[in-house]
Amino acid sequence: MDEELERLARLAIEYRDTGCSIVEIAELMLEKHPTFRETPFNMAQVLRSAFGLSVHDLQYINAWVQGEISREILEERLQIDN
């Protein structure tokens with residue numbers, strides 16, 4: 001993982017420490033880094049590095065970024081898996 005993605009992973013951990021959910025952090029990342037919409041794998045890599053997410057969790061995040069599932073479904077899936 002490159003330095004920028006590592007920095008974002010550390011930032012994601014800081015957000016989680018303030019009480020943000022993984023979904024809220026993903027939303028913040030998309031807001032601050034819109035290029036993640038074009039490269040959802042990079043955002044998934046950041047979140048996996050920060051939170052040790054499973055491959056299934058990453059698939060759900062990618063599906064959400066691409067508009068295939070709603071935020072509500074993403075939240076449900078991540079709560080079941082985590």
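**Exercise 1. Helix 2 against helix 3**

Task: In this predicted model, work out how helix 2 and helix 3 are oriented to each other.

Solution:
- Start with the axes: those of helix 2 (residues 22-32) and helix 3 come within 11 Å and cross at roughly 140°.
- Now compare the angle with the cut-offs: over 145 degrees would count as roughly antiparallel, 65 to 115 as roughly perpendicular, and angles outside the named ranges are oblique.
- Helix 2 and helix 3 are therefore oblique to each other.
- Next, look at the hand of the crossing, which is right-handed for helix 2 and helix 3.
- Finally, find the residues that touch: helix 2 brings Ile 22, Ile 25, Ala 26, Met 29 and Leu 30, while helix 3 brings Met 43, Val 46, Leu 47 and Phe 51.

**Exercise 2. Helix 1 against helix 3**

Task: Find the angle and the axis distance at which helix 1 and helix 3 pack, and name the residues that meet.

Solution:
- The axes lie 8 Å apart, and the packing angle is about 55°.
- Because of this angle, helix 1 and helix 3 count as oblique to each other.
- Their crossing is right-handed.
- On the side of helix 1, the residues are Leu 5, Leu 8, Ala 9, Ala 12, Ile 13 and Arg 16; they meet Asn 42, Gln 45, Val 46, Ser 49, Ala 50 and Phe 51 in helix 3.

**Exercise 3. Helix 3 against helix 4**

Task: Describe how helix 3 passes helix 4, then check which residues of helix 4 are buried.

Solution:
- The two axes come within 10 Å and cross at roughly 140°.
- That angle makes helix 3 oblique to helix 4.
- The crossing is right-handed.
- From helix 3, the contact uses Pro 40, Phe 41, Met 43, Ala 44, Leu 47 and Arg 48; from helix 4, Val 55, Leu 58, Ile 61, Asn 62, Trp 64 and Val 65.
- Turn to burial: in helix 4 (residues 55-65), the buried residues include Asp 57, Leu 58, Ile 61, Asn 62, Ala 63, Trp 64 and Val 65.
- Step past helix 4 and you reach Gly 67, whose phi is positive, near 80°.

**Exercise 4. Buried or exposed?**

Task: Place Val 46, Arg 7 and Leu 53 in the fold, and decide how accessible each one is.

Solution:
- Val 46 is part of helix 3 (residues 40-51). Its relative accessible area is 0%, so Val 46 is buried.
- As a distance check, Val 46 is 10 residues from His 56 in sequence, and their C-alpha atoms are 15 Å apart in space.
- Arg 7 belongs to helix 1 (residues 3-17). Because its relative accessibility is 37%, Arg 7 counts as partly exposed.
- Between Arg 7 and Phe 51 there is a separation of 44 residues in sequence and 14 Å in space, C-alpha to C-alpha.
- Leu 53 lies in the loop between helix 3 and helix 4. With a relative accessibility of 2%, Leu 53 counts as buried.
- Leu 53 and Leu 5 are 48 residues apart in sequence, with 16 Å from C-alpha to C-alpha.

**Exercise 5. Looking at the rings**

Task: How many aromatic pairs does a search of the whole structure find, and over which ring does the charged end of Arg 16 sit?

Solution:
- Begin with the pairs: searching the whole structure gives 0 aromatic pairs.
- Then follow Arg 16: its charged end sits over the ring of Phe 51, at 5.4 Å from the ring centre.
- Link this to the helix packing: Arg 16 of helix 1 and Phe 51 of helix 3 are also among the residues that meet where these helices pack.

Definitions and conventions
Residues numbered from 1 in each chain as written. Predicted model: local features only at pLDDT ≥ 70, side-chain atom pairs only at ≥ 80, totals over all residues. Heavy atoms only, no water. Phe/Tyr/Trp six-rings, centres within 6.5 Å; stacked < 30°, edge-to-face > 60°. Lys NZ or Arg CZ within 6 Å of the ring centre and 35° of its normal. Buried < 20%, exposed > 50% of the residue type's maximum accessible area, 1.4 Å probe, protein only. Helix = DSSP H or I, 4+ residues; strand = E, 2+ residues; numbered from the N terminus. Axes fitted to C-alpha atoms, helices over the stretch in contact; angles between N-to-C directions. Parallel < 35°, antiparallel > 145°, perpendicular 65-115°, else oblique. Left-handed = near helix turned anticlockwise from the far one by under 90°. Contact = heavy atoms within 4.5 Å.
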